[in-house]
Amino acid sequence: MSERTLFDKVWDAHTVRILPSGQTQLFIGLHLIHEVTSPQAFAMLRERNLPVLFPERTVATVDHIIPTDNLARPFADPLAEEMIQELERNCQHYGIRFYNSGSGRQGVVHVIAPEQGLTQPGMTIACGDSHTSTHGAFGAIAFGIGTSQVRDVLASQTLSLAKLKVRRIEVNGRLSPGVYAKDVILHIIRKLGVKGGVGYAYEYGGSAIEAMGMEERMTLCNMSIEGGARCGYVNPDAVTFEYLQGRDFAPQDAAWEEAVAWWKSLASDRDAVYDDRVVFDAAEIAPTVTWGITPGQGIGVDERIPAPEDLPESERVLAQEAYAYMDLEPGQPILGTPVDVCFIGSCTNGRLSDLREAARIAKGRRVAAGVKAFVVPGSERVKQEAEQEGLQAIFEAAGFEWREPGCSMCLAMNPDKLVGRQLSASSSNRNFKGRQGSASGRTLLMSPAMVAAAAVSGKIVDVRTLL
Ligand SMILES: CC(C)[C@H](C(=O)O)[C@@H](O)C(=O)O
Ligand code: SF4
């Protein structure tokens with residue numbers, strides 16, 4: 001057959017059997033776990049007296065609840081201490097590889113697996129975390145699962161799932177300077193909606209995607225879930241192989257050549273059949289900023305906040321809720337909106353290339369008076385590499401705080417929280433009400449370079465004017 005997508009090929013290769021329900025029992029090659037969604041799953045396993053079937057296929061780290069300022073144990077937050085101890089105990093008991101803080105390999109789960117070469121093309125990857133879609137950047141089928149499914153994977157290394165449809169999203173042409181993968185995905189979600197991808201896997205392609213490095217592709221796939229798609233992927237190519245070669249868990253020597261041949265064969269066939277296809281022009285994408293309370297409420301930085309009549313009928317009620325919560329008016333430019341907090345980090349945009357782009361903007365400038373700006377590297381490795389190439393020094397000279405790795409203010413389960421109505425410019429992926437730790441806090445999503453531009457300006461500006 002020469003009409004299959006990568007999704008079809010990887011799905012079929014991992015199908016154990018078709019269940020009487022019509023669902024597929026799918027083998028999961030790599031299982032990632034973190035401190036928040038695993039304790040209950042292990043508890044359920046113990047209740048039923050089940051072992052972990054393939055402990056070598058699960059990898060753990062701590063990210064969500066870990067503090068980014070003071071890592072001395074016990075942590076100041078007793079809940080953080082308890083949850084992390086629980087993970088430590090479970091990993092030790094079941095013989096699961098665990099990248100704890102201080103190991104040199106800890107970080108946000110979706111940052112550490114790719115950087116160690118654990119994430120590879122053609123794999124099925126699951127994690128009790130919605131942003132597992134990130135790993136699709138490598139041509140893997142990777143998706144988030146709930147806690148009872150974490151139990152299922154621990155016990156059986158399989159999941160029962162319904163097969164998804166595949167939508168091909170093509171972005172052709174060249175992105176302008178100052179426009180990044182983050183802008184592309186915010187633009188896609190703006191156009192297709194936060195529920196537009198329900199029931200689909202998104203396959204991203206086209207010349208603008210092919211021109212992206214792996215870290216940008218990860219940013220893109222990361223937010224597939226914010227567009228409603230369970231997973232997103234990019235077909236593996238020379239960029240993928242170059243990124244992987246020599247990483248800790250990448251195949252070596254003869255096995256490498258074999259793996260590359262296999263990976264190449266998995267890419268969607270030229271005449272693959274898709275359930276849907278959407279095409280975008282890269283040249284039309286501007287630095288994009290959200291103004292509302294879902295990642296789909298975004299506009300180009302030089303646009304005005306849409307009035308209800310500019311929006312499809314189905315979006316108007318939510319828009320009203322957003323104006324009120326965000327304290328922004330329809331018709332108002334987003335440019336010039338004052339910011340209180342600037343956060344650079346997360347599994348969307350906490351990798352080295354993100355920090356480099358933000359540092360380019362911060363270099364030689366100063367964080368505006370009254371603004372709190374901080375950088376949270378996505379992993380210990382990212383942190384170390386950034387320090388080695390002088391990024392920490394650039395940020396600190398500009399007045400940014402430089403922190404320890406973790407999820408931090410992406411969801412504020414640790415002490416990094418907004419206060420009251422503070423408005424944050426954030427490189428993360430969710431702007432839901434109360435997402436960043438204050439029930440009335442406000443979040444504007446954007447690229448890390450745009451966050452840095454906001455930090456040094458004290459307000460939303462167009463990063464293209466600071467390049
Ligand atoms: C805590 C976890 C379950 C959650 C997720 O699944 O995405 C978190 O990572 C998030 O980003 O909201
Ligand atoms: S960085 Fe944010 S989105 Fe990513 S896993 Fe952590 S909390 Fe979830």
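How far apart do the C-alpha centres of domain 1 and domain 2 lie? They lie 25 Å apart. Keep in mind as you read that this is a predicted model.

## Three domains

Let's start with the overall layout. The domain assignment splits the protein into domain 1 (9-161), domain 2 (165-237 + 262-284) and domain 3 (288-465). Notice that domain 2 is written as two stretches of sequence, 165-237 and 262-284.

Now look at where domain 1 meets domain 2. The C-alpha centres of these two domains are 25 Å apart, and the contact takes 19 residues from domain 1 and 18 residues from domain 2. Which elements give two or more residues to the side of domain 1 that touches domain 2? They are α1 (6-13), α4 (109-115) and β7 (141-144). The largest share of that side comes from β7, with four residues. Sorted by class, the residues on this side of domain 1 are nine nonpolar, nine polar and one charged.

## The parallel sheet

Next, find the open sheet built from four strands, in the order β11-β10-β9-β12. The pairing here is parallel. Why is one side of β11 and of β12 left without a neighbour in the sheet? Both β11 (231-234) and β12 (276-281) stand at the edges and have a single partner strand each, so one side of each has no neighbour there. Going from one strand to the next, the twist averages 20 degrees.

You can zoom in on one pair in this sheet. Strand β9 (residues 165-172) pairs with β12 in the parallel sense, over six bridges. To see one of the partnerships, pick out Asn172: its bridge partner in β12 is Asp281. There's a helix to spot here too: α8 (residues 214-222) lies across β10 (200-205) and β11, and it runs at about 155 degrees to β11.

## The antiparallel sheet

There's also an open sheet of three strands, ordered β1-β2-β8, and its pairing is antiparallel. At its edges are β1 (15-18) and β8, each of which pairs on one side only. Ignoring direction, neighbouring strands of this sheet are turned by 20 degrees against each other on average.

How many bridges join β2 to β8? Four bridges do the job, linking strand β2 (residues 24-27) to β8 in an antiparallel run. If you want a pair to find on screen, try Gln25, which stands opposite Ser160 in β8.

## Around the ligands

Which residues are found around ligand 1? They are Val36, Thr37, His64, Asp129, Ser130, His131, Gly144 and Leu411. By class, that shell has two nonpolar, five polar and one charged residues.

The shell around ligand 2 consists of Asp63, His64, Val108, Asp129, His131, Ser346, Cys347, Cys407, Cys410, Leu411, Ser428 and Asn429. It has five nonpolar, five polar and two charged residues. Domain 1 (9-161) and domain 3 (288-465) each supply at least three residues to this shell. Compare the two lists and you'll meet some familiar names: His64, Asp129, His131 and Leu411 appear around ligand 1 and again around ligand 2.

Three cysteines from the ligand 2 list, Cys347, Cys407 and Cys410, come up in a database record as well. An unreviewed UniProt entry places the feature "binding site" at Cys347, Cys407 and Cys410. They are spread over 64 residues of sequence, yet they cluster in space, with a largest C-alpha distance of 8.8 Å. To track one of them down, look for Cys407 in the loop between β17 (401-402) and β18 (423-426).

## Two backbone details

Finally, here are two spots to look at in the backbone. Is the peptide bond from Arg73 to Pro74 cis or trans? This bond is cis, with omega near -10 degrees. You'll find Pro74 in the loop between β4 (58-61) and α3 (78-94).

The other spot is Gln157, which has a positive phi of about 60 degrees although it is not a glycine. Gln157 sits in the loop between α5 (147-156) and β8 (158-161).

Methods
Residues numbered from 1 in each chain as written. Chains lettered and ligands numbered in written order. Predicted model: local features only at pLDDT ≥ 70, side-chain atom pairs only at ≥ 80, totals over all residues. Pairing = 2+ DSSP bridges. Axes fitted to C-alpha atoms, helices over the stretch in contact; angles between N-to-C directions. Contact = placed C-beta atoms within 7 Å. Near = placed C-beta within 6 Å. Nonpolar A, V, L, I, M, F, W, Y, C, P; charged D, E, K, R; others polar. Domains from an automatic or database assignment. UniProt positions renumbered as here; feature names shortened; annotations may be inferred.
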